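Me: Hi! I've got a model open and would like to talk through a few of its features. Here it is:

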Amino acid sequence: MPKVAVLPGDGIGQEIVPQAIRVLRGVLAGASLQLEFKEYPVGGAAIDAVGRALPEETLTACREADAVFLGAVGGPKWDTLPAPERPETAALLGLRKALGLYANIRPVRMLPALVDASTLKREVVQNTDLVVLRELTGGLYFGEKGRKDNPPAAYDLMLYTEGEVERIVRLGFETARLRRKKLCSVDKANVLETSRFWREVTLRVAADYPEVELTHMYVDNAAMQLVRYPEQFDVLVTENMFGDILTDLASMLSGSIGMMASASLNGKKGLYEPAHGSAPDIAGKNLANPLATILSGALMLRYSFAREKEALAIEEAVGKVLDAGYRTGDLAQAGDKVLGTKEMGDAVLAALGG
Ligand code: NAD
């Protein structure tokens with residue numbers, strides 16, 4: 001039976017992950033695919049239990065599993081630890097590196113029921129349906145870093161190999177091929193050599209995908225275009241830091257960060273998690289929105305287990321619950337029926353059946 005390593009982590013992670021697992025069990029009831037879900041400690045919870053944010057037992061389980069399902073890590077209690085020991089660095093970057101998760105995928109789709117929850121105007125966001133692909137294990141965040149004296153200075157090296165660019169760009173073309181066949185490669189080729197190199201590799205890979213329309217856009221323009229006219233985009237592909245910034249910006253196009261699911265892949269192996277953090281301000285109060293985590297479960301079925309039908313069933317159930325006017329507090333407006341974390345899980349489960 002395929003294995004899923006379940007890492008609830010800290011804060012609201014402990015509340016939202018169980019709801020997503022219930023929904024996954026629900027959608028797979030009676031299906032030919034059955035998954036074994038087993039929990040492991042990670043983040044601040046693991047520091048408290050065994051002294052390390054990414055214990056050896058957890059890392060081994062993640063390496064051996066077919067997929068990893070994560071809640072969130074971090075919180076004020078561990079903020080004073082030295083950077084390499086902190087949950088976010090040790091656990092998140094540690095897992096990405098150890099599992100070689102080079103591709104981060106974040107779908108951004110405006111569900112009709114949430115159009116008025118966005119901070120942007122209805123006519124701007126209502127037709128948003130795009131995917132951002134971010135390179136996750138290269139570039140500035142992983143390049144050589146250092147300090148110099150006389151005068152005091154600091155540097156971070158941005159370096160991309162041809163192979164690193166090719167594999168993420170290829171995934172971009174593959175993703176676009178299954179959607180509206182438009183790929184926008186985002187770079188800063190007017191200034192950066194790594195971006196000019198990125199473009200060369202992209203143009204070479206494009207020859208294998210004549211059915212996909214390729215465009216290039218500078219990252220500053222892409223940020224502006226995403227809030228001006230997001231429906232022009234189908235799939236965007238970009239390097240690590242540009243993607244970090246653009247995905248947070250894009251999360252607001254779907255109403256709330258509490259709706260944004262995320263998959264980090266190395267082939268079929270993937271780590272699935274909501275895009276938000278551990279929300280210590282609302283943790284333990286049954287207030288957190290579990291939908292981004294539930295939608296991350298749909299991504300897991302799609303990308304690690306090739307179960308498109310069941311993935312769509314989860315996405316449709318979430319749509320139905322929102323259409324019926326149910327909301328967690330982060331999305332609620334006057335007239336909505338406000339639910340707690342567990343009750344939102346119940347509602348999605350019920351909608352799966354209906
Ligand atoms: P956050 O995403 O945890 O919270 C930002 C705001 O959004 C808060 O007001 C929070 O209540 C709200 N929010 C977030 N998720 C929500 C949900 N599902 N439902 C309702 N409201 C939600 O970001 P932060 O406050 O900057 O960080 C808190 C902790 O999480 C920090 O320790 C940070 O390092 C960590 N963090 C972890 C991850 C991760 O595990 N992937 C990502 C980002 C931040």
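Me: Let's start with α1 and α12. Which hand does their crossing have?

Reply: Happy to help! This is a predicted model, and in it α1 and α12 cross in a right-handed way.

Me: And at what angle do the axes cross, and how close do they come?

Reply: The axes of α1 (residues 13–28) and α12 (residues 341–353) cross at roughly 10° and come within 9 Å. Angles under 35 degrees count as roughly parallel, so α1 is roughly parallel to α12.

Me: Which residues make the contact?

Reply: From α1, the contact is made by E15, I16, Q19, R22, V23, G26 and V27. On the α12 side, T341, K342, G345, D346, V348, L349 and L352 take part.

Me: What's the mix by class there?

Reply: The contact of α1 with α12 has six nonpolar, four polar and four charged residues.

Me: Thanks! Switching to cavities: how many are there of 30 Å³ or more?

Reply: The count is one cavity of 30 Å³ or more. The largest cavity holds about 50 Å³ of space.

Me: What lines the largest cavity?

Reply: Its lining is made up of M158, Y160, V186, D187, T194, S195, W198, T238, E239 and F242. Two or more of the lining residues come from each of β8 (182–187) and α7 (193–206).

Me: Which element gives the largest share?

Reply: That's α7, with three residues.

Me: And the classes in that lining?

Reply: The lining of the largest cavity has five nonpolar, three polar and two charged residues.

How values were computed. Residues are numbered from 1 along each chain as its sequence is written. This is a predicted model: local features need pLDDT of at least 70, side-chain atom pairs count only at pLDDT 80 or more; totals for chains, interfaces and linings use all residues. Side-chain values use heavy atoms; hydrogens and water are left out. On a 1 Å grid over the protein atoms alone, a cavity is a set of points where a 1.4 Å probe fits but cannot get out, and a pocket is an open set with protein on both sides within 12 Å along at least five of seven lines; lining residues have an atom within 4 Å of a point. Grid points are joined across faces, edges and corners, and a volume is the space filled by probe spheres set on the points. Helices (H or I, at least four residues) and strands (E, at least two) are DSSP runs, numbered from the N terminus. Ala, Val, Leu, Ile, Met, Phe, Trp, Tyr, Cys and Pro count as nonpolar, Asp, Glu, Lys and Arg as charged, and the others, Gly among them, as polar. Axes are lines fitted to C-alpha atoms, for helices over the stretch in contact, and angles run from 0 to 180 degrees between N-to-C directions. Angles under 35 degrees count as roughly parallel, over 145 as roughly antiparallel, 65 to 115 as roughly perpendicular and the rest as oblique. A crossing is left-handed if the near helix is turned anticlockwise from the far one by less than a right angle, and right-handed if clockwise. Contact means heavy atoms within 4.5 Å.
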